[in-house]
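Morning, everyone. I have one structure to go through, and I will take the whole chain before the details.

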Amino acid sequence: METIAKEQLLVRVKPSLLARLKWNAKKEGISMNAYVERELEAISKPVLPKLPKDFEIDPFIKAFSGIIPMPTQEMLDADPKLAYILGK
């Protein structure tokens with residue numbers, strides 16, 4: 001089993017917030033640490049706006065399609081910003 005390196009973070013919060021965090025973690029049956037880490041992961045992911053259905057890429061940009069290789073689906077899955085730019 002691989003050990004994942006983690007660093008300690010000290011955060012000061014109001015007692016009422018701490019109580020809610022503890023209650024939510026207990027309700028979900030996970031540790032406080034796991035709960036806070038999961039919530040921080042969720043808010044740190046980029047939120048990209050949805051493209052309108054009639055979105056079209058500028059022809060000038062499309063002209064680069066023969067010069068710049070198209071990324072694989074794996075690359076698009078790993079990079080949501082790239083997928084957004086390409087309208088995928």
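Let me start with burial: 7% of the 88 residues in the protein are buried. Please keep in mind that this is a predicted model. The accessible surface comes to about 8500 Å², and carbon and sulfur atoms hold 61% of that surface.

Now the secondary structure. How many helices and how many strands does the protein have? There are 5 helices and 0 strands, so read from the N terminus the order is simply α-α-α-α-α. The radius of gyration is 21 Å, while the globule rule gives 12 Å for 88 residues, so the protein is more spread out than a compact globule. For the dimensions, the C-alpha trace spans about 55 × 35 × 25 Å along its principal axes.

Next, contacts along the chain. If we take the contacts with a separation of 6 or more, 39% of them are between residues 24 or more positions apart. I will come back to two pairs of residues that are far apart in sequence.

A word on charge. The side chains include 14 positive and 12 negative ones, and the centres of these two sets are 12 Å apart.

On to the details, beginning with helix α1. This helix covers residues 15-28, which is 14 residues. From its first C-alpha to its last it reaches 20 Å, close to the 20 Å expected at 1.5 Å a residue. As general background, an α-helix has 3.6 residues a turn, so residues three or four places apart point the same way. Just after α1 comes Gly-29, with a positive phi of about 70°.

Now the loop between α2, residues 32-44, and α3, residues 59-62. Pro-52 lies in this loop. Is Pro-52 buried, partly exposed or exposed? Its relative accessibility is 46%, so it counts as partly exposed. Pro-52 and Gly-87 are 35 residues apart along the chain, and their C-alpha atoms are separated by 9.7 Å.

Ile-57 is also placed in the loop between α2 and α3. At 26% relative accessibility, Ile-57 counts as partly exposed. Which residues does Ile-57 touch, if we leave out those up to four places away in sequence? They are Lys-62, Ile-85 and Leu-86. Leu-86 is 29 residues from Ile-57 along the chain, and the two C-alpha atoms are separated by 7.8 Å.

That is what I had. Thank you.

Conventions: Residues numbered from 1 in each chain as written. Predicted model: local features only at pLDDT ≥ 70, side-chain atom pairs only at ≥ 80, totals over all residues. Heavy atoms only, no water. Helix = DSSP H or I, 4+ residues; strand = E, 2+ residues; numbered from the N terminus. Rg over C-alpha atoms; globule rule 2.2 N^0.38 Å. Buried < 20%, exposed > 50% of the residue type's maximum accessible area, 1.4 Å probe, protein only. Contact = heavy atoms within 4.5 Å. Areas by Shrake-Rupley, 256 points an atom, 1.4 Å probe, with all protein chains shown as cover. Lys, Arg positive; Asp, Glu negative; His and termini not counted. Charge placed at Lys NZ, Arg CZ, Asp CG, Glu CD. Expected span 1.5 Å × (residues − 1).
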